[in-house]
Amino acid sequence: MSTPARPESLARLDRLVAALIAKGIVTESDLVEAQARTDRASPEVGARMVARAWLDPDWRRLLLGNGAEAAEHMGVSMAGAPPLGVLEDTATLHHLVVCTLCSCYPRAVLGYPPSWYKSFEYRSRAVRDPRGVLAEWGTTLAAGCRVRVVDSTADYRWMVLPMRPAGTEGWSEDQLAALVTRDVLVGVALPRLPVALAAE
Ligand code: FE
């Protein structure tokens with residue numbers, strides 16, 4: 001049996017990495033650390049940051065003022081990562097995050113972006129027709145709510161601080177965090193109560 005040929009795309013990646021290392025732009029250990037950091041990250045970290053902001057005004061101020069520092073408080077190492085900005089939704093303003101150029105995403109905090117986030121369709125349509133994109137996620141905004149589309153870039157990454165849903169009074173941080181999904185943190189979805197509760 002012969003060994004299957006290595007895909008050309010991987011061979012190309014090897015050549016690119018070798019060239020970057022040869023030119024002193026990155027080191028092998030930079031790459032290992034960047035990947036390990038993304039492997040450790042998860043939308044659950046962002047969800048906890050949001051839930052805490054719903055409960056604690058001081059934390060909310062920190063989160064909105066310096067997202068990277070807030071992430072460090074959650075045990076995330078932001079060394080070498082771009083700054084993290086946090087976008088505060090209100091009753092009249094909803095935020096949607098996109099990287100129109102490629103796939104910039106707060107990986108250090110939320111981990112790997114979903115494949116749709118990297119797609120040409122999302123990157124172009126999020127800007128051209130944000131309400132149409134939201135509708136496809138089943139996300140309908142209240143009348144009079146504006147949409148602000150924010151570009152994540154190599155220099156600055158963004159996540160959304162959504163509004164706390166009505167009907168969650170007295171909930172614990174764990175219960176609240178469970179409402180905040182990756183899609184909510186990107187802004188394509190809103191935090192939703194489980195159907196059984198929402199019907200009460
Ligand atoms: Fe990008």
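This is a short talk on one structure: its metal site, its domains and pockets, and its aromatic residues.

Okay, hi everyone. Before anything else, please keep in mind that this is a predicted model.

Let's begin at the metal. Which residues coordinate the iron ion? We have Cys 99 and Cys 102, each through SG, then Ser 103 through its N, and Cys 104 through both N and SG. The distances run from 2.1 to 2.8 Å. If you follow the donors along the chain, the spacing reads C-x2-C-S-C.

Now, two of those cysteines. Are Cys 99 and Cys 102 buried or exposed? Cys 99 has a relative accessible area of 1%, and because buried means under 20%, Cys 99 counts as buried. Cys 102 comes out at 34% relative accessibility, so the label there is partly exposed.

Next, the overall layout. The domain assignment splits the chain into domain 1, residues 8-38, and domain 2, residues 43-198. Taken over C-alpha atoms, the centres of domain 1 and domain 2 are 29 Å apart.

That brings me to the pockets. Where does the largest pocket lie? Domain 1 and domain 2 both contribute residues to its lining, so the largest pocket sits between them. Its space is about 810 Å³. There are 29 lining residues, and the ones nearest the centre are Ala 34, Gln 35, Arg 37, Thr 38 and Arg 107.

What about the helices around it? At least two lining residues come from each of α1 (8-22), α2 (28-40) and α6 (107-110). With seven residues, α2 gives the largest share of that lining. Sorted by class, the lining of the largest pocket holds 20 nonpolar, four polar and five charged residues.

How much space lies in the second largest pocket? About 220 Å³. The second largest pocket has 15 lining residues, with Thr 90, His 94, Leu 141, Met 163 and Leu 190 nearest its centre. By class, that lining is made up of 11 nonpolar residues, three polar ones and one charged one.

Okay, on to the aromatics. How many aromatic pairs does a search of the whole structure find? Seven. One of them joins Trp 116 and Tyr 122, in an edge-to-face arrangement, with 5.0 Å centre to centre and 75 degrees between the planes. Tyr 122 also pairs with Tyr 117, and that pair is tilted: the centres are 5.8 Å apart and the planes 35 degrees apart.

Both tyrosines in that second pair, Tyr 117 and Tyr 122, are buried. For Tyr 122 the relative accessibility is 5%. Zooming out a bit, one aromatic cluster takes in Tyr 105, Trp 116, Tyr 117, Tyr 122 and Trp 137.

One more residue before I stop, and that's Arg 164. You'll find Arg 164 in the loop that runs between β4 (157-161) and α10 (173-177). Its relative accessibility is 29%, so Arg 164 counts as partly exposed. And how far apart are Arg 164 and Val 50, in sequence and in space? They are 114 residues apart along the chain, while their C-alpha atoms are 8.9 Å apart.

So, if you have the model open, here are two places to look up. One is the iron ion, with Cys 99, Cys 102, Ser 103 and Cys 104 as its coordinating residues. The other is the largest pocket, between domain 1 and domain 2. Thanks, that's me done.

Conventions:
Residues are numbered from 1 along each chain as its sequence is written. This is a predicted model: local features need pLDDT of at least 70, side-chain atom pairs count only at pLDDT 80 or more; totals for chains, interfaces and linings use all residues. Side-chain values use heavy atoms; hydrogens and water are left out. Donors are N, O and S atoms within 2.8 Å of the metal (3.2 Å for Na, K and Ca); water is not among the atoms, so sites may look incomplete. Buried means under 20% relative accessible area, exposed over 50%, partly exposed in between (1.4 Å probe, protein chains only). On a 1 Å grid over the protein atoms alone, a cavity is a set of points where a 1.4 Å probe fits but cannot get out, and a pocket is an open set with protein on both sides within 12 Å along at least five of seven lines; lining residues have an atom within 4 Å of a point. Grid points are joined across faces, edges and corners, and a volume is the space filled by probe spheres set on the points. Helices (H or I, at least four residues) and strands (E, at least two) are DSSP runs, numbered from the N terminus. Ala, Val, Leu, Ile, Met, Phe, Trp, Tyr, Cys and Pro count as nonpolar, Asp, Glu, Lys and Arg as charged, and the others, Gly among them, as polar. Domain bounds come from an automatic or database domain assignment. Rings of Phe, Tyr and Trp (its six-membered ring) pair if their centres lie within 6.5 Å; planes under 30 degrees apart count as stacked, over 60 as edge-to-face and the rest as tilted.
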